[in-house]
Protein chains: 2
Amino acid sequence: MLTPTLKQALEEKEIEALLVTHRENIAYLCGFYGSLGVLLLWENPVLFVDGRYYTQAKEEAKNCEVVWAKNLFWNTVCEQIKNRGLKRLGFEESHLSYHLYRILRDRLRGIRLIPLSDVVERERMIKQAWEIERIEQAQRLSEEALSHCLAFLKEGISEKDLAVELEFYIKKKGGDLAFESIIAFGERSALPHAKCTTRKLKKGDIVLFDIGARVEGYCSDMTRVFFFGKPQEDLIEIYYAVLNAQQKVIDAIRAEMKGSEADEIARSELREKGFADLFTHSLGHGVGREVHELPALAPYVEEKLPPNCVVTVEPGVYIEGIGGVRIEDMVLVMEDGSKDLTKFTKELTIL
Amino acid sequence: MLTPTLKQALEEKEIEALLVTHRENIAYLCGFYGSLGVLLLWENPVLFVDGRYYTQAKEEAKNCEVVWAKNLFWNTVCEQIKNRGLKRLGFEESHLSYHLYRILRDRLRGIRLIPLSDVVERERMIKQAWEIERIEQAQRLSEEALSHCLAFLKEGISEKDLAVELEFYIKKKGGDLAFESIIAFGERSALPHAKCTTRKLKKGDIVLFDIGARVEGYCSDMTRVFFFGKPQEDLIEIYYAVLNAQQKVIDAIRAEMKGSEADEIARSELREKGFADLFTHSLGHGVGREVHELPALAPYVEEKLPPNCVVTVEPGVYIEGIGGVRIEDMVLVMEDGSKDLTKFTKELTIL
C-alpha cells in the first residue's frame, strides 16, 4: 500500500501520514469501495468505516487495520488519529469539504494539517498489467454495446431511447456506465458535451456516440461517429481530417513526450486543414478508476507522460448548427510507442 | 429567488450574499442544473457557468444574470465577485472543497468569508404544490416499475437482474433512478443498505425492494417486502408489527411535531413487541430534489416538522442471518395531519 514512490512523496513534504478521503484513491490503495470511508495512509494503515460498511470492509480491505468508527463518525476518526501520536498529517484538499476540514482542525489541535493534491492520483497514472486488463475488458464491453445499438438506428428513434438501450446492454452483461452516455444526432453532435434528448433520428444525420463502460472498477472511453444516409461533402472532409490527426498522434505518442506535444501533433494537423479554431477542446486525458484522470494531453501541459499510462486521443471538429466529428481511442503509452486499446472500426461508415 | 425567508436568514448573519455551490440548491433557486455552476445569491443574482453550459444556462436559469466565466473558471468568478463590492460573503461549507475555499480566500482578500450550512436546504424543506406533484409523479413511476418487476420473481433470478429490469423500466418511461436500488433476497434483507448481488431467488425467501425514481428533478422513495413462498411464522409477526408501527406514525404525524416524537411513536410500538433493539436505524428523512434531505425523523431531533414537508416513514426490524422487514411510505406533513403519497399495497403478500 505505502509504495516506495508514495513514501517518497510524503517524505518530501515531511509528512508522516496522509488522510485519504477520495473514494477512488481508497479503493486503489486498499480495495475497499464505499460511499463513506477514510484511509489513514502510513506505515500502519487504518481504514475507518461506519456500521453499514464494517462487514464489507473487513472482506474487501487488504493490508490495513479496519476500524468501525462508532458514534459520530468524524469525532471517532479524529480521536483515533490523535491516539496514534502523529505530528504532521496530509489531507486531500480537493476531496474534503471545508466543513470537514473545520472538524479536523478543531479536533486535531497540535497536529499540523497540510493540504495536498494528486499524491495518490500520480501513483494511479501508472497502470499495472491487471489494471490494463480491466480497462480492456471495459472497452470490449462498450464495443459490444455499440455494435448492439447500431441495429437500433432507425428513423424516429431518439437519442435517449438509444442511450437506454446501450445502458441496459452494459448492465445486463454485469458492467456499469463509466459516465452518462453522449449520443447526439445531426446538428447536436456539434456540442462536445451534449446531453441526450428526445431529438429523433432522421435521414442525413450524423450520429455521434461518446460512451464508456465500467468493469470491476475500471473505465473505458471511446467516441465514434456514423453517417445515417449520405453525408454532406464537408463532413466527409472533416471526418478524414480528424481521423488523420488522431492517427498521427497514436503513431507518435510515447512515454517522456509532454502532454502539450501530443496535443500539438493533432492541433497542427487540423490547423493545416484550416480547422484549428473548430477543435475547441484538449486532445485527451488519462483513464482508469476514473474516466477523467491524470495525465492531461492539452496545450501548456509541460508534464511528461509516464510509461504505462492509459490516455484518450480524441481530436474533434465542430461546426455549430451543422454537426461535429470526434474520434476517440484509448491508448496505452509505453516507452517505445503506444498500443491502441480500442478495436472498433474507424472506417467512414454510412448506415 | 431571494425569498423573504432566505433574505432574513442572510440578514441574521449580516451577510450580503451567499455563494451557492450545491448543484441541487442552484437548480432549486434558479432552474439551472449542471455539473459546474456557481450562483451568487443576493439582490442581483448571478449564475456563473463555463463554455459547456452557457447556452443551456441562458435557457434554464430564471431571474438571474448568466455569466460565462472564461479562462480559469474560479479566477473569473472571484474577479466578478470583487467587482460587485461585497464585504461579507457566505458560502456553503459542506459543498465547497478546502481547495476551492483556499482559492476564494486568496483571491477575495478584503471580503469576509463566512461558512454556512443548510440555508437553502431549510427553504427546500417546505414543498410547493408543483414540487409535491413531481414527487407524486416519481412515486407513481416507481410503483409501476415495482409492479412490472414482480412478474420477474421466479426461482433463479438474481437481485442484480431484477435491479436492471427495474432501472430499464424507469428509464424507458423517461425517469431516472433516485438512488441505487436495494433489492435483497432472504437473509440479505437483514442488511438495511444491501447492495444488489448475484444471489438467486429461492422458495421461502423474503424479497425486499427499497427503490425510488426521479422525475423532473424530484425523487421518490419506498420500501416493500414480499414473501416468495410460505414465510416463517416469526417473519409474519414482524411484518405486522412493522406495519402497525408505521401506520401509527402516519396517523399521528403532523406539522409542529418534533422529529424525535415521530420516531418515538414507531420505536415505542416496536419496543412493546420486544423488537426495539432490532430497529437499528432512524425512522425517516425528507425527500425532494435529493432522496435524503431535511427534516430528519430520528431520536434526539428537537426540531419541529414544518408544514408541507415530505418525509419517509420507514420502520424496520432485522434479524441477522434470517431476514428483515422494512415498510416505507412517503407522506406529506400538513398542519392538521398527513397525506400518504404512496399507493402501493401493504397487505402481506405471498407470491
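Here are some questions and answers on how the labels for this predicted two-chain model are earned.

Q: How do you know that M125(A) is buried or exposed?
A: Count its neighbours. A residue is called buried if 20 or more other C-beta atoms lie within 10 Å of its own. M125(A) has 21 of them within 10 Å, so buried is the right word. As for its place, M125(A) sits in helix 6 of chain A.

Q: What is M125(A) in contact with, once neighbours within four places in sequence are left aside?
A: The list is G286(A), L294(A), P295(A), P306(A) and C309(A). For another view across the sequence, take V311(A): 186 residues separate it from M125(A) along the chain, yet the two C-alpha atoms are 9.4 Å apart in space.

Q: What makes E216(A) buried, exposed or partly exposed?
A: The count is 14 other C-beta atoms within 10 Å. Buried needs 20 or more and exposed needs 12 or fewer, with partly exposed in between, so E216(A) is partly exposed. The residue belongs to the loop between strand 10 (213–215) and strand 11 (218–219) of chain A. Its phi is also worth a look: near 45°, a positive value in a residue other than glycine.

Q: And how is Y300(B) classed, with 10 other C-beta atoms within 10 Å?
A: The limit for exposed is 12 or fewer, and Y300(B) has 10, so exposed it is. You'll find Y300(B) in the loop between strand 14 and strand 15 (309–313) of chain B. Phi is positive here too, near 70°, and again the residue is not a glycine.

Q: Why is the peptide bond from L294(A) to P295(A) called cis?
A: Look at omega: it is near 0° for this bond, and the bond is cis. P295(A) is part of strand 14 of chain A. Over in chain B, the bond from L294(B) to P295(B) is cis as well, with omega near 0°, and P295(B) lies in strand 14 (residues 293–297) of that chain.

Q: How do you know that the length of helix 10 of chain A agrees with its 14 residues?
A: At 1.5 Å a residue, residues 259–272 should span 20 Å, and the end C-alpha atoms are 20 Å apart, so the two agree. Buried residues of this helix include G259(A), A262(A), I265(A), A266(A) and L270(A), and charged ones such as D263(A), R267(A) and E269(A) are on the buried list too. Together, the buried residues pack against helix 9 (233–252), strand 14 (293–297) and strand 16 (316–319) of chain A. Just past the helix, G274(A) takes a positive phi of about 85°.

Q: What span should the 20 residues of helix 9 of chain A have, and how far apart are its ends?
A: The expected span is 28 Å and the end C-alpha atoms are 29 Å apart, which agrees. Among its buried residues are L235(A), I238(A), Y239(A), V242(A) and V249(A). The partners for the buried residues of helix 9 include helix 10, strand 9 (205–211) and strand 18 (329–334) of chain A.

Q: Which residues have the most contacts inside the largest nonpolar core?
A: That core has 74 residues, and the ones with the most contacts inside it are L39(A), L47(A), L39(B) and L47(B). Beyond its sequence neighbours within four places, L47(A) is in contact with residues including C30(A), F32(A), A57(A) and V66(A). Another core, of 64 residues, lies apart from the largest one; I182(B) and V215(B) are among its members.

Q: Why are the two copies said to be related as by a two-fold rotation axis?
A: A rotation of 180° with 0.0 Å of shift along its axis superposes chain B on chain A, with an RMSD of 0.0 Å. The two copies are thus related as by a two-fold axis. In chain B, the C-alpha of S97(B) is the nearest to that axis, 2.1 Å away.

Q: How do you know that the copies meet through the same surface?
A: 100% of the interface residues of chain B are also interface residues in chain A, so the surface is the same. By contacts, 17 residues of chain B meet 17 residues of chain A. Helix 5 (98–107) and helix 8 (159–172) of chain B each supply at least two residues of its side, and that side divides into six nonpolar, six polar and five charged residues.

Methods. Residues numbered from 1 in each chain as written. Chains lettered and ligands numbered in written order. Predicted model: local features only at pLDDT ≥ 70, side-chain atom pairs only at ≥ 80, totals over all residues. Least-squares fit on C-alpha atoms with pLDDT ≥ 70 in both. Contact = placed C-beta atoms within 7 Å. Core = buried A, V, L, I, M, F, W, Y, C linked by C-beta atoms within 7 Å. Helix = DSSP H or I, 4+ residues; strand = E, 2+ residues; numbered from the N terminus. Expected span 1.5 Å × (residues − 1).
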